Every structure is written in C-alpha cells, then in structure tokens.
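Here are a few short exercises to work through with the structure open beside you. Try each task before reading its solution.

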Amino acid sequence: EKRVNFIKNANMYLCRKHLDMPYKKIGATFNKCDHATVISACTKIEKLLKEKLREWIDEFNEMNNTIIS
C-alpha cells in the first residue's frame, strides 16, 4: 500500500514538474483526486527529494574529508 501511494505521488509530482499540468487535471487523471490531494502529493515528493539530496551531499562531504585526511 505504501509503495503504491509513493508511486502515485511520484507520478503526480512528475506530471506537475515536467508536464506543467494543472493540479486539477492531474487529480482527474489519478482516480479523480481533488487538487489538494495533488498538492499534498507533490509537497511530499519535494520534501523527500530535498532530504535525499541533503543525505547525498553529506555522504559526499564525508568521503571527500576521508580522502583529504
């Protein structure tokens, strides 16, 4: 169930980000969700991407510091 929701949220985010679809149209495409549901999905994916990016930057800095030391 969580995996299905993640995939659905990610697809909504991609439709918004790369196809510039309006929230209402995205909602209609995905099981007739309302625009608030789509906004929530996009916000969740954006937050996850920022967290992952921060983790990758931290890991890179750690590796870089190890190499320099």
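Contact here means heavy atoms within 4.5 Å. Please keep in mind that this is a predicted model.

**Exercise 1.** Find which residues Cys33 touches, leaving out those up to four places away in sequence.

*Solution.* Start at Cys33 and look for contacts beyond its sequence neighbours: Lys8, Met12, Gly27 and Ala28 turn up. Next, place Cys33 in its wider setting: it belongs to the largest nonpolar core, which has 12 residues in all, among them Met12, Tyr13 and Phe30. Helices α1 and α3 (35–68) each supply at least two residues of this core. As background, nonpolar side chains in soluble globular proteins tend to be buried together.

**Exercise 2.** Work out how the span of α3 compares with the expected one, and which helices its buried residues pack against.

*Solution.* Begin with the length: α3 has 34 residues and reaches 49 Å from its first C-alpha to its last, close to the 50 Å expected at 1.5 Å a residue. Then pick out its buried residues, including Val38, Ala41, Cys42 and Ile45. Finally, follow the contacts: the buried residues of α3 pack against α1 and α2 (23–29).

**Exercise 3.** Decide whether Asn9 is buried or exposed, and do likewise for Phe6.

*Solution.* Asn9 is found in helix α1. Buried means under 20% relative accessible area, so Asn9, at 16%, counts as buried. Its contacts farther along the chain are Ala41, Lys44 and Ile45. Phe6 is also found in helix α1, but with a relative accessible area of 37% it is partly exposed. Together with Ile7 and Leu48, Phe6 makes a nonpolar surface patch of about 230 Å².

Definitions and conventions: Residues numbered from 1 in each chain as written. Predicted model: local features only at pLDDT ≥ 70, side-chain atom pairs only at ≥ 80, totals over all residues. Heavy atoms only, no water. Patch = residues over 30% accessible without salt bridge, like charges linked within 9 Å, V, L, I, M, F, W, Y side chains within 5 Å. Areas by Shrake-Rupley, 256 points an atom, 1.4 Å probe, with all protein chains shown as cover. Salt bridge = Lys/Arg side-chain N within 4 Å of Asp/Glu carboxyl O. Helix = DSSP H or I, 4+ residues; strand = E, 2+ residues; numbered from the N terminus. Buried < 20%, exposed > 50% of the residue type's maximum accessible area, 1.4 Å probe, protein only. Core = buried A, V, L, I, M, F, W, Y, C linked by side-chain atoms within 4.5 Å. Expected span 1.5 Å × (residues − 1).
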